[in-house]
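Colleague: Got a minute to go through this two-chain model with me? I'd like to ask about the folds, the contact and a few odd spots.

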Amino acid sequence: MNPEFQRNLWLELTPRRMFAMVVALALIFFAAALTGGLVSGPGEAAGWLYYLIVVVWGSRNAALSVVGEIRDRTWDGQRLSSLGADTMTWGKLFGATSFNWFGGAICLAVILIDLMGNRGVAVALIELVYYLAIGVIAQAAALLASLIAAGRRHAHSQFGVFLYQAVGLAAAIIVYIIWATADPAGSILARRAPADFIVWWGLAFDARAFLLLSLAAFAAWTLAGCVRQMRLELKMRNGQYVWLGFLAFIGVYVAGFDAWLSGWQSLMHLDAVARRLLLAGTTYGALAYIMVFLEPKDRVHYRWLGSAFAKFQFGPALGELQGWMTATLAALGVGIALLVWLGQTPQDEAMVGAMLGFLCRDMAVVVLANMLARRRGGDFIALVMLFALYVLLPAIVKGMNYETALVFFFPRAGDPLWLSPLLAWSEAVLATALAVGSLALPEDKAAAAPA
Amino acid sequence: MIEVRDLVYEYPSARALKGVSLHVAPATITALVGPNGAGKTTLLRCLAALEPPYSGSVTIGGLDTKQAPRAIHARLGYLPDFYGLYDALSVRRALTYTARSRGIAAALVAAAVEKAAGRVGLTDRLEARAGELSRGLRQRLAIAQAIVHEPAVLMLDEPAAGLDPQARRDLSQLLLTLKDGGMTLIISSHILAELEDYCSEMIIIEDGLIVGGRAIKVRDVERPRYMLEIATARSDLREFLSARAGVDVIEADGYHALLTHTKNALARAKLIRDLLAAGFEVSSFGESTKTLEDAYFKQVGKG
């Protein structure tokens with residue numbers, strides 16, 4: 001048996017705890033069957049208990065599976081073990097949550113019995129897949145968040161654990177809402193007509209089948225993300241293939257929903273290819289923003305990257321690019337493709353060019369803010385700087401009736417048309433130069449300064 | 001066994017290691033000493049492939065820490081200065097988990113656990129929970145976890161912290177036994193007296209650099225240092241000793257001599273007989289106990 005899983009079983013599944021869980025659940029189901037008050041019976045009670053035990057509590061335990069090791073100073077010992085990243089990941093993911101899954105299994109049994117009696121075996125099996133998927137996705141997302149934080153050495157506090165749990169819960173809520181859109185019985189929270197089919201890449205798919213496959217794909221990517229982060233913790237190199245594979249997947253997946261944009265007034269003049277490129281590019285841009293805040297802004301790593309590129313060691317340097325860097329490059333690549341495709345529409349081209357420029361500026365601003373911060377808090381400084389650039393300063397400028405100056409702050413149709421992209425890229429170059437200049441060691445700067 | 005070349009390690013705001021190079025021979029015990037903040041723990045973590053160097057290289061048994069960190073982890077035992085234990089697990093389960101996670105085959109785990117527990121004197125506590133152990137016993141369990149898989153290289157950061165005098169003596173004996181079994185050990189500590197009993201070489205690290213540029217041989221287990229004292233001064237003391245087979249005089253004056261000699265008791269007895277026969281009034285002859293501290297202060301130029 002996986003030693004990490006075994007250790008977690010020793011700690012989590014003690015006979016006393018298992019007995020307590022069985023008794024507590026039995027009492028709740030018995031009460032639900034008798035009273036029929038807040039819930040309609042044991043089946044519905046089991047559904048809510050499943051969310052509570054597996055999703056809410058389970059995502060906390062998944063987050064604690066790494067954070068607890070760091071806090072209790074056992075993490076270095078685990079990192080030195082002979083366990084592979086995948087063994088360690090599943091040993092933690094399903095071991096640390098084994099008690100939750102024990103309780104969840106009892107709830108699932110009650111749910112299945114209830115569904116088979118009321119809605120048939122097929123629906124019961126589909127719901128089983130859904131319940132398992134939402135549990136795994138929530139816990140894996142919480143584990144992934146805690147691993148990313150561990151890489152940033154920000155993982156110890158109780159508030160941190162709450163944040164990682166919140167990531168898991170957010171993932172579960174997204175899954176819940178998406179699933180509810182295709183639930184023939186309607187959603188518990190938002191009772192509305194279900195979608196029977198989904199149009200993707202111009203083809204109509206059965207909504208439930210499409211969503212089940214999508215859930216499975218995103219669960220697989222979340223687990224792959226966990227393993228990749230675990231590899232980093234175990235000091236293994238990741239390379240770029242999995243991340244590039246995810247970028248390709250998410251680009252193709254999101255671009256397939258171009259039909260959703262066809263109703264937007266401002267985008268009606270774009271053809272399907274332009275809409276797809278716009279969706280993919282915007283997704284890559286959003287990923288770049290997410291990743292630049294999630295990943296560690298390690299001055300030493302950036303210095304090493306700079307020296308590797310300076311020595312023309314492109315292979316190792318490209319292999320060590322961070323996720324936000326490749327996402328930005330992907331956004332630039334797709335953006336350039338969109339510029340080429342747009343051809344004779346200079347207004348759109350100027351807007352896309354400005355968006356790409358401001359994306360690069362913002363990436364540099366986040367790095368610069370982290371280099372300026374003495375210890376931690378660089379990301380908060382970056383958020384303040386971006387808030388000032390996108391909200392505060394434009395509000396002041398607008399209040400002073402200098403609306404033409406708004407072109408300095410975000411993509412905006414300017415006169416002449418090239419003004420917005422020119423300013424965006426000028427700011428990007430300036431911010432990048434400042435960020436690169438701030439990477440040097442204080443002692444090296446002092447040595448380089450004239451006496 | 002361990003080769004370090006021009007190792008540079010940087011923290012975001014400072015360079016912790018500034019071009020460290022060193023060589024550690026197999027089956028030796030090397031002390032890593034230096035003041036707080038000198039870079040000892042950082043160096044140990046780089047050697048353990050837990051931190052990647054900014055530049056330079058670390059190889060252990062021919063494996064580079066950058067290229068094969070997991071293979072190096074498999075060969076290492078490492079006890080950090082601040083370590084944790086699974087308090088809810090029994091000693092047996094804690095060691096069983098460590099053994100299994102360190103790649104010991106399931107059929108061999110029980111024997112490995114018994115052996116490791118026996119080495120640190122925890123055989124009678126195998127069913128006790130780690131959380132119920134005293135500080136000294138917890139330290140022993142942590143050491144047992146570090147050696148349960150019989151690593152080729154063992155790195156211990158402040159291993160004697162929390163141990164009583166008897167346990168420290170037992171630890172010294174254990175470390176020497178492990179070394180005699182072919183293990184290479186690196187021990188980091190502030191307390192030189194603690195290292196005195198078992199270390200043969202010393203690396204002094206100060207401000208991210210190795211003082212003197214290399215490891216210093218402070219103690220040869222086969223040829224310890226002895227201090228000789230005579231009651232009446234003799235100008236020919238050095239000459240007489242140098243003429244004896246197997247004696248190397250390190251320093252001498254009319255009353256004292258610091259020398260190395262084989263650890264063989266009969267050979268020592270013969271040397272004393274020769275001295276007495278030649279009219280030297282031997283008032284004291286014993287193994288020198290201040291070698292590590294002397295060497296340290298000699299290198300750093302203090303004391």
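**Walking through the model**

Modeller: Sure. To set the scene, chain B has 10 helices and 15 strands, and keep in mind that this is a predicted model.

Colleague: How many helices and strands does chain A have?

Modeller: Chain A has 451 residues, 38% of them buried. Its C-alpha atoms fill a box of roughly 75 × 55 × 45 Å along the principal axes. As for the elements, the count is 18 helices and 2 strands.

Colleague: And what share of the contacts in chain A, between residues at least 6 apart in sequence, joins residues at least 24 apart?

Modeller: One pair shows how distant parts of the sequence are placed: Ala216(A) sits in helix H9 (residues 207-233) of chain A, and its C-alpha atom is 9.2 Å from that of Ile137(A), 79 residues apart along the chain. Ala216(A) is partly exposed, with 14 other C-beta atoms within 10 Å. Over chain A, the share of those contacts that join residues at least 24 apart is 73%.

Colleague: Which stretch of chain A has a pLDDT below 50?

Modeller: On average chain A does reach a pLDDT of 85, and 91% of the residues score at least 70. The stretch you're after has 6 contacts in the model beyond near neighbours in sequence. The pLDDT is below 50 over residues 186-190 of chain A.

Colleague: On to chain B. What percentage of its 303 residues is buried?

Modeller: The C-alpha trace of chain B spans about 65 × 50 × 30 Å along its principal axes. Among its contacts with a separation of 6 or more, 66% come from residues 24 or more positions apart. The buried part of the 303 residues comes to 42%.

Colleague: How many Å separate the centres of domain 1 and domain 2 of chain B?

Modeller: The division puts residues 2-217 in domain 1 and 225-287 in domain 2. Taken over C-alpha atoms, the two centres are separated by 38 Å.

Colleague: What about the contact between the chains: which class leads to what count of nonpolar residues on the side of chain B that touches chain A?

Modeller: The contact takes 24 residues from chain A and 28 residues from chain B. On the chain B side, helix H2 (69-75), strand S6 (76-79) and helix H3 (91-101) each supply at least two residues. By class, that side has 6 charged residues, 6 polar ones, and a nonpolar count of 16.

Colleague: S6(B) came up there. Which residue of S7(B) stands opposite Gly77(B)?

Modeller: In S6(B), Leu76(B) and Tyr78(B) point one way while Gly77(B) and Leu79(B) point the other way, and all are buried. S6(B) pairs with strand S7 (residues 153-157) of chain B in the parallel sense, over 4 bridges. Opposite Gly77(B) stands Leu154(B).

Colleague: Which strands stand at the edges of the open sheet of 4 strands in chain B?

Modeller: That sheet has the order S13-S14-S12-S15, with antiparallel pairing. Strand S13 (248-252) and strand S15 (282-287) of chain B each have a single partner strand, so one side of each is left without a neighbour in the sheet. Neighbouring strands here are turned by 20° against each other on average, direction ignored. The edge strands of chain B are therefore S13 and S15.

Colleague: And which residue of S15(B) stands opposite Ile230(B)?

Modeller: Strand S12 (residues 225-230) of chain B runs antiparallel to S15(B), and 5 bridges join them. The residue opposite Ile230(B) is Val282(B).

Colleague: Last one, on backbone angles. Is Glu158(B) buried or exposed?

Modeller: Most residues other than glycine have a negative phi. Glu158(B) has a positive phi of about 55° although it is not a glycine, and its place is in the loop between S7 and helix H6 (165-180) of chain B. The cut-off for burial is 20 or more other C-beta atoms within 10 Å. Glu158(B) has 20 of them, so the call is buried.

Colleague: And how does Arg73(A) come out, given 14 other C-beta atoms within 10 Å?

Modeller: Arg73(A) also has a positive phi, near 60°, and lies in the loop between helix H3 (42-71) and helix H4 (75-79) of chain A. A residue counts as exposed at 12 or fewer such atoms and as buried at 20 or more. With 14, Arg73(A) falls in between, so it is partly exposed.

How values were computed:
Residues numbered from 1 in each chain as written. Chains lettered and ligands numbered in written order. Predicted model: local features only at pLDDT ≥ 70, side-chain atom pairs only at ≥ 80, totals over all residues. Contact = placed C-beta atoms within 7 Å. Nonpolar A, V, L, I, M, F, W, Y, C, P; charged D, E, K, R; others polar. Domains from an automatic or database assignment. pLDDT = per-residue confidence, 0-100. Pairing = 2+ DSSP bridges. Axes fitted to C-alpha atoms, helices over the stretch in contact; angles between N-to-C directions.
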